[in-house]
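Reader: I work at the bench and would like to learn how to read a structural model with care. Could you take me through one, feature by feature?

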Amino acid sequence: MKRILATGGLGFVGSHTCLSLLYQGYKIIVIDSLINSSFEIYQKLKKINEVLNLELNNKFTFIKGDIRNSALIENIFQEASMKDQPINSVIHFAGLKSVNQSILNPLQYWDSNVIGTINLLKTMRNNQCFNIVFSSSATVYKPKLNRMLDENSDLGPMNPYGMTKLTNEKILEDIFKSDPNKWSISLLRYFNPVGAHSSGSLGELPIGMPNNLFPILMKVALGELDFLSIYGKDWPTKDGTCIRDFIHVMDLAEAHIAALKFLIDNRPQNIALNIGTGKGTSVLEIIKTFQEVNGICFPYHFVKRRMGDQPFLVADNKLALSLLDWIPTRNIVDMCADSVKNLI
Ligand code: NAD
Ligand code: UD1
C-alpha cells in the first residue's frame with residue numbers, strides 16, 4: 001500500500017483520522033508544526049495501536065515541521081520515493097482555525113493557511129502526487145436563515161479564516177482546471193466536529209484558551225471554568241440559541257478514508273462535499289444532553305450574541321451520502337459521552 005501524507009495530523013481531526021487510517025492498515029507520514037497540538041498525541045496514537053496489537057513498524061512516521069518549509073516537504077516526498085514507498089495521497093488538515101485570531105492577525109492566517117497550501121501543492125506536483133483531501137469548512141457558505149446548506153449554496157465567508165478556506169478551494173479548483181486529467185481533489189466542508197475516540201485515549205486538546213463550544217464545555221466540566229456563557233438567547237430559532245450540525249469526530253475521520261477511496265477509484269475528480277449529519281441541535285439542547293449523559297451539573301448563563309455567529313448551520317449531506325461509502329452513525333449522546341472519556 002502506498003503512503004499518505006497527513007499535514008496537521010496530530011491535531012483534533014487529524015489525530016482521529018490517523019487512528020482510523022492506521023486501523024485500516026494505511027501507512028502514514030505526519031507533518032505537524034505542533035502549533036496547536038503536542039508530541040504526546042503521537043505517543044498516544046502509537047500506544048493505542050500497541051494495545052490493539054497492530055504492527056506499526058515503519059507504518060507511522062512523525063516529522064515536526066511547518067508546511068511552509070519547502071525544502072522539508074520536498075525532502076519528505078523524496079525520501080519516501082527512495083524507500084520505494086512514494087506518497088500517493090495527501091490529507092491536508094494543517095491550518096490555523098480560530099476565527100477571532102484571524103480577525104486580529106489576518107496576515108498570520110493568510111500566510112499559514114494559503115502560502116502553506118500553495119507550497120504543499122507545488123511539492124505534490126513536482127513529485128507526481130495528485131490526490132488530495134482538503135479540510136474545508138462550512139464557514140465558506142454565506143449564512144442562510146433556517147435552510148440547510150447544500151454544496152451549491154452561495155459562498156461568502158464572513159471572516160479572514162473563512163476567506164483562507166475559500167481561497168484554498170479556489171486554488172485547488174484552478175490547478176484541477178489547468179490539468180483536468182491529473183488531479184483528484186476532494187474539499188470536505190466540515191460542519192461542527194466534536195467528541196473523541198470512544199476508548200478515551202484521544203480527544204480534543206487545543207493549546208491555550210479555546211473559543212469553541214466543546215473544549216469550553218470540557219473546561220467547565222473539569223472545574224477549570226466556573227460557568228458556561230451561551231452567546232445569545234434571542235436568535236430566531238426554537239429556543240433562541242443557535243443551531244449547529246454537530247458531527248462525531250470519528251464519523252468525520254471515516255469520511256476522510258471514504259473520500260480518499262472515492263478519489264482514487266474515480267479519478268480525475270474535483271468535488272466539494274458537506275460532511276455533517278444533516279441534523280440540527282441547538283446550543284441549549286447540546287448543553288442539556290452533555291449534562292444528562294455525563295451526570296454533571298454546572299451553571300450557564302446567557303450573554304450577548306458573539307460577533308460573526310450564525311443562527312443556523314446545518315448540512316444537506318445527501319451528496320456525500322450518495323457518493324461515498326459512508327454514513328454517520330454516532331448521535332449527540334455518543335458525542336457528549338465520548339468527549340469526556342479522556343478526561344477521566
Ligand atoms: P487543530 O488545530 O486541532 O489541528 C491542526 C493541526 O495543524 C495542528 O496540530 C497544528 O499544530 C497543525 N498546523 C497548523 N499550522 C501548521 C503549519 N503551517 N504547518 C504544519 N502544521 C500546522 O484543528 P482541527 O480541528 O483538527 O482542524 C483540522 C483542519 O480542519 C483545519 O484546517 C481546520 O481549519 C479545519 N476545520 C476544522 C473545524 C473544527 O471545528 N475543528 C471545522 C471546519 C474546518
Ligand atoms: C466556529 C467558527 C467556524 C469554524 C469552527 C471550527 C465562529 C463564528 N465560527 O464555528 O468558522 O470553522 O468554529 O473552528 O467562530 N457557543 C456558546 N458559548 C461558548 C462557545 C460557543 O454559546 O462558550 C455557541 C456559539 O455561539 C455557536 C455554537 O456554540 O452558536 C458553536 O460554537 P463553536 O463551537 O465556536 O463553533 P461555530 O461557531 O459553529
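Author: What follows is a conversation about ligand surroundings, cysteines and backbone geometry. Please keep in mind throughout that this is a predicted model.

Reader: Let us begin with the first ligand: how many residues surround ligand 1, and which are the closest?

Author: A useful start is to list the neighbours before looking at single contacts. Ligand 1 is surrounded by 28 residues, and the closest of them are Val13, Asp32, Ser37, Phe93 and Tyr161. Sorted by class, this shell holds twelve nonpolar, eleven polar and five charged residues.

Reader: Which elements of the fold supply at least two residues of the shell around ligand 1?

Author: Three elements do so, namely α1 (12-23), β5 (131-137) and α6 (160-178). The largest share comes from β5, which gives three residues to the shell around ligand 1.

Reader: And how should I read the polar contacts of this ligand?

Author: One looks for pairs of N or O atoms within 3.5 Å, and then asks whether the protein atom belongs to a side chain or to the backbone. On the side-chain side, a nitrogen atom of ligand 1 is 3.0 Å from an N or O atom of Asp66, and an oxygen atom of ligand 1 is 2.8 Å from an N or O atom of Lys97. From the backbone, a polar atom of Phe93 is 2.7 Å from an oxygen atom of ligand 1. The ligand taken alone exposes 810 Å², of which the protein buries 95%.

Reader: Which residues come nearest to ligand 2?

Author: Of the 19 residues around ligand 2, the nearest are Leu213, Ser229, Arg244, Arg306 and Asp309. The shell by class has eight nonpolar, seven polar and four charged residues. Both α7 (213-221) and β8 (228-231) supply at least two residues, and the largest share, three residues, comes from β8.

Reader: Where are the polar contacts of ligand 2, in side chains or in the backbone?

Author: Both kinds occur: a polar side-chain atom of Thr139 lies 3.0 Å from an oxygen atom of ligand 2, while a backbone N or O atom of Leu213 lies 2.8 Å from an oxygen atom of this ligand. In addition, an N or O atom in the side chain of Asp309 is 2.5 Å from an oxygen atom of ligand 2. Taken alone, ligand 2 exposes 740 Å², and the protein buries 89% of that.

Reader: Turning to the cysteines, how many disulfides does the count come to?

Author: The general idea is that a disulfide is a covalent bond between the sulfur atoms of two cysteines. Here the count comes to zero, with a cut-off of 2.5 Å between the sulfur atoms. For Cys297, the nearest cysteine sulfur is that of Cys336, 15 Å away. Cys297 counts as exposed because its relative accessibility is 74%, whereas Cys336, at 0%, counts as buried.

Reader: Finally, what should I look for in the backbone?

Author: It helps to check the peptide bonds before proline, and then the sign of phi in residues other than glycine. The bond from Arg267 to Pro268 is cis, with omega near -5 degrees, and Pro268 lies in the loop between α8 (249-265) and β11 (269-275). Leu34, which is not a glycine, has a positive phi of about 65 degrees; its place is in the loop between β2 (27-32) and α2 (39-51).

Reader: Is Leu34 buried or exposed?

Author: Leu34 counts as buried, because its relative accessibility of 18% falls under the 20% cut-off. Gln128 also has a positive phi, of about 60 degrees, although it is not a glycine. Gln128 is found in the loop between α5 (106-126) and β5, and is exposed, with a relative accessible area of 57%.

Methods. Residues are numbered from 1 along each chain as its sequence is written. Chains are lettered from A and ligands numbered from 1 in the order in which they are written. This is a predicted model: local features need pLDDT of at least 70, side-chain atom pairs count only at pLDDT 80 or more; totals for chains, interfaces and linings use all residues. Side-chain values use heavy atoms; hydrogens and water are left out. A residue is near a molecule or strand if one of its heavy atoms lies within 4 Å of it. A polar contact is a pair of N or O atoms within 3.5 Å; within protein, one must be able to donate a hydrogen and the other to accept it, and residues adjacent in sequence count only if both atoms are side-chain atoms. Accessible areas come from the Shrake-Rupley method with a 1.4 Å probe; for residues, only the protein chains shown count as cover. Helices (H or I, at least four residues) and strands (E, at least two) are DSSP runs, numbered from the N terminus. Ala, Val, Leu, Ile, Met, Phe, Trp, Tyr, Cys and Pro count as nonpolar, Asp, Glu, Lys and Arg as charged, and the others, Gly among them, as polar. Buried means under 20% relative accessible area, exposed over 50%, partly exposed in between (1.4 Å probe, protein chains only).
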